[in-house]
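Welcome! Below are a few exercises with worked solutions. Have a look at the structure first, then try each task before reading on.

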Amino acid sequence: MPVNVLFSARPALWPVYEPLLTQYLAEAGVQAEISTEFEPDQVDYVVYAPNGGLLDFSPFTRLKAVLSLWAGVEKIAANDTLSVPLARMVDHGLTQGMTEWVVGHVLRYHLRMDRHITIQDGVWAPDAPPLAQERNVCILGLGVLGEAVARALALLNFTVTGWSRTAKDTPGVTCLHGLDGLRDALSQAEILVLLLPDTAATENALNAKTLALLPKGARIINPGRGPLIDDEALLDALNSGQIGHATLDVFRVEPLPPDHPYWAHPNVTVTPHIASETRPATAAQVICENIRRGEAGEPYVHLVDRTLGY
């Protein structure tokens with residue numbers, strides 16, 4: 001008997017994912033039917049994104065697991081109608097994209113590229129940057145994305161500190177955790193990268209107090225989640241010179257409203273949530289591997305801890 005896989009995401013994605021899911025499930029030896037219109041009590045797995053419109057999981061009486069197409073699961077993790085395992089998207093294409101974007105912006109800050117790209121005033125002013133090992137970069141969040149970014153920067157010889165809620169061990173990276181570790185990490189962060197999940201515990205992680213711990217003139221890169229930053233506190237820190245510049249890819253409201261102060265601020269770079277995205281070809285492989293595991297009685301991968309929200 002085939003397993004029924006409901007695709008519940010933005011309709012425009014259906015023609016992209018349907019042939020990929022069909023192919024990879026067949027290659028995995030899983031007999032499956034994939035549709036956007038099963039009766040709820042006939043569904044075994046849901047391939048899910050919040051913009052698909054599905055909110056109530058209680059009618060899905062034979063559901064085995066919900067497999068998210070998004071890395072962030074804050075929009076579903078607290079759903080009281082969901083009682084089956086929830087897996088987030090950990091996709092090597094998404095991880096590579098995030099690593100490339102962050103490394104590019106770290107190098108931009110480290111090499112002070114903006115001054116030569118945006119200022120062509122005829123003044124010959126040689127000012128070579130330090131070597132990477134003389135630049136302190138801090139990654140807040142050492143999950144799959146944070147660890148990949150930290151490893152890549154360490155390979156370029158940056159002095160990399162990573163902070164996480166619990167202790168981690170990443171080769172080439174000074175790993176800190178807990179409140180004391182956070183203070184130590186921030187105090188030396190010339191360039192700070194935010195890759196924490198969006199939870200009640202991480203909201204406004206970067207606020208007036210934590211911004212004041214950074215070295216004066218520090219640079220901030222946020223490709224993680226908009227709510228990680230207290231926007232008013234960041235603007236105040238930018239205006240005072242405590243923060244030298246911020247590159248922001250994610251925001252509390254998206255698209256970022258045209259009248260938001262970030263757009264016009266001379267020391268802010270806004271990018272439109274492009275740091276990384278789920279790549280259908282690789283994401284479909286991740287989804288199908290979890291379905292194969294479910295049917296084989298093996299543990300799912302990338303399961304969400306609902307108590308933590310990620």
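Keep in mind that this is a predicted model.

**Exercise 1. Find the residue in β11 that stands opposite I221, then describe how the two strands are joined.**

Solution.
- Step 1: Locate I221; across from this residue, in β11, stands T247.
- Step 2: Look at the two strands as a whole. β10 covers residues 218-222 and β11 covers residues 243-248.
- Step 3: These two strands run parallel, and 5 bridges join them.

**Exercise 2. Work out the strand order of the open sheet and name its edge strands.**

Solution.
- Step 1: Going across the sheet, the order is β8-β7-β6-β9-β10-β11-β12, which makes 7 strands with parallel pairing.
- Step 2: The edges are β8 (174-177) and β12 (268-270), each of which pairs on one side only.
- Step 3: On average, neighbouring strands here are turned by 15° against each other, ignoring direction.

**Exercise 3. List the strands that helix α2 lies across, and give its angle to β11.**

Solution.
- Step 1: Find α2 at residues 92-110.
- Step 2: This helix lies across β6 (136-140), β9 (191-194), β10, β11 and β12.
- Step 3: Relative to β11, α2 runs at about 155°.

**Exercise 4. Describe the second largest pocket and the elements that line it.**

Solution.
- Step 1: Its volume is about 380 Å³.
- Step 2: The lining has 20 residues, and Y109, R112, R115, R219 and H245 lie nearest the centre.
- Step 3: Two or more lining residues come from each of α2, α3 (113-118), β10 and β11.
- Step 4: α3 gives the largest share, 4 residues.

**Exercise 5. Count the cavities of 30 Å³ or more and say what lines the largest.**

Solution.
- Step 1: There are 2 such cavities, and the largest has a volume of about 40 Å³.
- Step 2: Its lining is made up of L67, S68, A87, R88, M89, V286, I287 and N290.
- Step 3: β4 (65-68) and α9 (280-296) each supply at least two of the lining residues, with α9 giving the most, 3 residues.

**Exercise 6. Explain why C175 forms no disulfide, and decide whether C175 and C288 are buried or exposed to some degree.**

Solution.
- Step 1: A disulfide needs two cysteine sulfur atoms within 2.5 Å.
- Step 2: The cysteine sulfur closest to that of C175 belongs to C138 and is 11 Å away, so the gap is too far for a bond.
- Step 3: Under this rule the structure has 0 disulfides.
- Step 4: C175 has 22% relative accessibility and is therefore partly exposed, whereas C288, at 1%, is buried.

Conventions. Residues are numbered from 1 along each chain as its sequence is written. This is a predicted model: local features need pLDDT of at least 70, side-chain atom pairs count only at pLDDT 80 or more; totals for chains, interfaces and linings use all residues. Side-chain values use heavy atoms; hydrogens and water are left out. Buried means under 20% relative accessible area, exposed over 50%, partly exposed in between (1.4 Å probe, protein chains only). Two strands pair if DSSP finds at least two bridges between them. Axes are lines fitted to C-alpha atoms, for helices over the stretch in contact, and angles run from 0 to 180 degrees between N-to-C directions. Contact means heavy atoms within 4.5 Å. On a 1 Å grid over the protein atoms alone, a cavity is a set of points where a 1.4 Å probe fits but cannot get out, and a pocket is an open set with protein on both sides within 12 Å along at least five of seven lines; lining residues have an atom within 4 Å of a point. Grid points are joined across faces, edges and corners, and a volume is the space filled by probe spheres set on the points.
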